[in-house]
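Please open the structure in your viewer and keep the selection tool at hand. This tour moves from one stop to the next, telling you what to select and what you will find there.

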Amino acid sequence: YIDKETVEGTSQEKRLYRLIRLRTMASQMADAELEKTTIDISPSGRQEHFTSSGEVIKFDGFLKVYLEGNDDDDSQSPEGDDMLPQVNPGEQLTAENISATERFTLAPPRYTESSLVKKMEELGIGRPSTYAPTISTIQHREYIVKGEKAGEKRPFKVLTLKADGKLSSATKTESVGAEKGKLIPTDTGIIVNEFLTANFPDILDYDFTADMEQKFDRIAEGESDWNKEIARFYGLFHPEVEKANEMRTEHKVGERQLGTDPVTGEPVSVKIGRFGPVVQIGSADSKEKPRFASLRKDQSVFDITLEEALKLFDLPRTVGEIEGKTVVAAIGRFGPYIRHDGKFVSIPKDLSPTSITLEEAAELIRTKREADSNKVVKTFAEEPEIQILNGRYGVYIAYNKTNYKIPKSVTDPAALTLDEVKAIMADQEKAPKRTVRRKK
C-alpha cells in the first residue's frame, strides 16, 4: 500500500493513512543534515551587539518527505524562521531598519498528550503500553482536563528605527492564553499532587519510578523474583502510608478558611469534597449540620473570596415553571440537580445550579424522560412489579429488587409472555448460587 498516495475512506481516514505512509517512508530514509549558525553583529563605537541564529539545511534527508509537527504553540514567537543570508567574517553591514518588539512574561508551559508522553520517555517513566492508560486515568479522575480555551487578543508595541534615523511606533495585537489541546491541572489534581509529593517524596521521585520500571522489565524477562521486589517495595512504602494516615486526622488536606458567615456566625471554608471543590458553612463541631455548595467551573479553591463563596448558597433556586410545575435547582448528596414534578434530574458538569436557565433545564428533563421511556421494554398488568428493562449490559427482568438474565436464545425480549418470564425466573432461582473464594 505504500505506493498508493491516497486510499478510499473518510477525510479523517485519508489523513491518518497519509500520516502513516509519510512516516513509514521517512523511517527508511537517511538522516537530515542541519547546520546551526549564529551571526554576531557589533555596531561600531557601541558596546551593545546583535545576534541572529538559525538553521541551514545542508541535506534534506527524511525532511524531504516528512517534518514532525510541534505541539507547543508559542504565540509570542516571531512568525516564521527566515533563512540566514550568506555573510563573511568582518563584512560591513548596513541597517535598513531596527525594530524592538514589546514582549510579556510567558505563561507556565502546559503539556499536550504527545509532549507528556515524550517527557515520560525521557524520564524513563512508563512503557508504550502504559502511556495512554496513564493519561486517560488522570483525566477520568479529574486531576487534569483538556483545555479548550480560546486565546484573547492583547496589544503590544513595536518600535522601528529606520535608516534615515526616524523612529516610528506601531501597535499590533497577538493572541495569548489559548489552551486548545493542553492538559490543565484541576484544583483536585494540584492538591493531591502537593499532598503526595510532601508525604511520599521518595516514592514520587522520578528516579525511583524509572528504577521500578526497570525492575518490572527484569521480572518480565525472568531475571528477577517478583516476590522479593514487591516485598522490598512495601517495606519502604507501608511505613509511609501509616505515617500519612496518622497525619490526616490532624490536618485537612487542601482546606482553606475564608472567613465567617455574617448570618450564622459559622466559619466558611473551601476544600475538595467527594464530588469536587466545595464551600462549607459550619464544621463538624457545630450544633447545626454543615451546609455545602459546589464551586462553579470558573472558580478555584485557591482564589475564591468569601463574598463569592456565600453567593453559591443562594440555593435551592427556583428556575421557572414547566407544564405548570415549578423547576428548582439545588445541590444534594450526589451533586447538583433539578427537581420537577417530584422527579430529580442530575445537572451535568458543564452547567451550574446557580446559573442554569429554564431552557437548559427543560432540555435535561426531556432527555431524562426519553431515557426513562426507553428503559422500560415491557410491563405486565397482571404483575406490575415484574418488568423487562433495558440495562447497561442489555435487556433483563427485574422483580422485587432482583435481576434475572434473559437467555441468549430469546431473540425478542419484548415478545415474552408473563408465563415465559416466570419460567426464566424460576430456572435461575433453581440454579446453584456461585460462590467466590478469596485467597489470603
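What follows is a walk through a predicted model, with a few residues or elements to select at each stop.

**Stop one: a patch on the surface**

Begin by selecting Phe-50, Ile-98, Leu-159, Leu-161 and Leu-167, which together make a nonpolar surface patch of about 430 Å². Keep Leu-159 highlighted for a moment and follow the backbone around this residue, because Leu-159 has its place in strand S5, which covers residues 152-162. Is Leu-159 buried, partly exposed or exposed? Its relative accessibility is 37%, so Leu-159 counts as partly exposed.

**Stop two: the salt bridges**

Next, turn to the charged side chains: the whole structure holds 17 salt bridges, and this stop visits a few of them.

Select Lys-119 and Glu-122, whose side chains meet in a salt bridge with an N to O distance of 4.0 Å. These two residues are three apart in helix H2 (residues 113-123), and because of this spacing they are separated by about one helical turn. Lys-119 counts as partly exposed because its relative accessibility is 32%, whereas Glu-122, with a relative accessible area of 54%, is exposed.

Now select Arg-127 and Asp-217, where another salt bridge joins the two side chains, this time at 2.7 Å from N to O. Arg-127 lies in the loop between H2 and helix H3 (128-140), while Asp-217 belongs to helix H5 (residues 206-220), so this pair ties together parts that are 90 residues apart in sequence. Both partners can be coloured by accessibility: Arg-127 counts as partly exposed at 24%, and Asp-217 counts as partly exposed at 29%.

For the last pair, select Arg-232 and Glu-229, which form a salt bridge with their closest N and O atoms 2.8 Å apart. Why are these two residues separated by about one helical turn? The reason is that Arg-232 and Glu-229 are three residues apart in helix H6 (residues 226-248). Arg-232 is partly exposed, with a relative accessible area of 46%, but Glu-229 counts as buried, because its relative accessibility is 11% and the cut-off for buried is under 20%. If you add Asp-211 and Lys-215 to the selection, you will see one network, in which salt bridges that share partners join these two residues with Glu-229 and Arg-232.

**Stop three: the sheet from S8 to S11**

Switch to a cartoon view and select the strands S8, S9, S10 and S11, which form an open sheet of four strands in the order S8-S9-S10-S11, with antiparallel pairing. At the edges you will find strand S8 (256-260) and strand S11 (291-294), each of which pairs on one side only. Looking along the sheet, you can follow how neighbouring strands are turned by 30 degrees against each other on average, direction ignored.

Zoom in on S8 and strand S9 (residues 267-273), which run antiparallel and are joined by four bridges. Two places show which residues face each other across this pair: Thr-260 stands opposite Pro-267 in S9, and Gly-259 stands opposite Val-268 in S9. S8 and S9 form a hairpin with six residues between them, and in the turn you can pick out Gly-265, which has a positive phi of about 75 degrees.

From S11, continue into the loop that leads to helix H7 (306-311), where Asp-298 is found. With a relative accessibility of 61%, Asp-298 counts as exposed. To link this stop with the beginning of the tour, draw a line between the C-alpha atoms of Asp-298 and Leu-167, which are 131 residues apart along the chain and separated by 44 Å.

**Stop four: the sheet from S12 to S15 and its helix**

Finally, select the strands S12, S13, S14 and S15, an open sheet of four strands with antiparallel pairing and the order S12-S13-S14-S15. Strand S12 (317-322) and strand S15 (343-346) stand at the edges with a single partner strand each, so one side of each is left without a neighbour in the sheet. In this sheet, neighbouring strands are turned by 30 degrees against each other on average, direction ignored.

Look at strand S14 (residues 335-340) and S15, which pair in the antiparallel sense over four bridges, and find His-340, which stands opposite Lys-343 in S15. Then add helix H8 (residues 358-375), which lies across S12, strand S13 (325-332), S14 and S15 and runs at about 65 degrees to S12.

Definitions and conventions: Residues are numbered from 1 along each chain as its sequence is written. This is a predicted model: local features need pLDDT of at least 70, side-chain atom pairs count only at pLDDT 80 or more; totals for chains, interfaces and linings use all residues. Side-chain values use heavy atoms; hydrogens and water are left out. Patches are made of residues with over 30% relative accessible area and no salt bridge: like charges are joined within 9 Å, nonpolar side chains (Val, Leu, Ile, Met, Phe, Trp, Tyr) within 5 Å. Accessible areas come from the Shrake-Rupley method with a 1.4 Å probe; for residues, only the protein chains shown count as cover. Buried means under 20% relative accessible area, exposed over 50%, partly exposed in between (1.4 Å probe, protein chains only). Two strands pair if DSSP finds at least two bridges between them. Axes are lines fitted to C-alpha atoms, for helices over the stretch in contact, and angles run from 0 to 180 degrees between N-to-C directions. Contact means heavy atoms within 4.5 Å.
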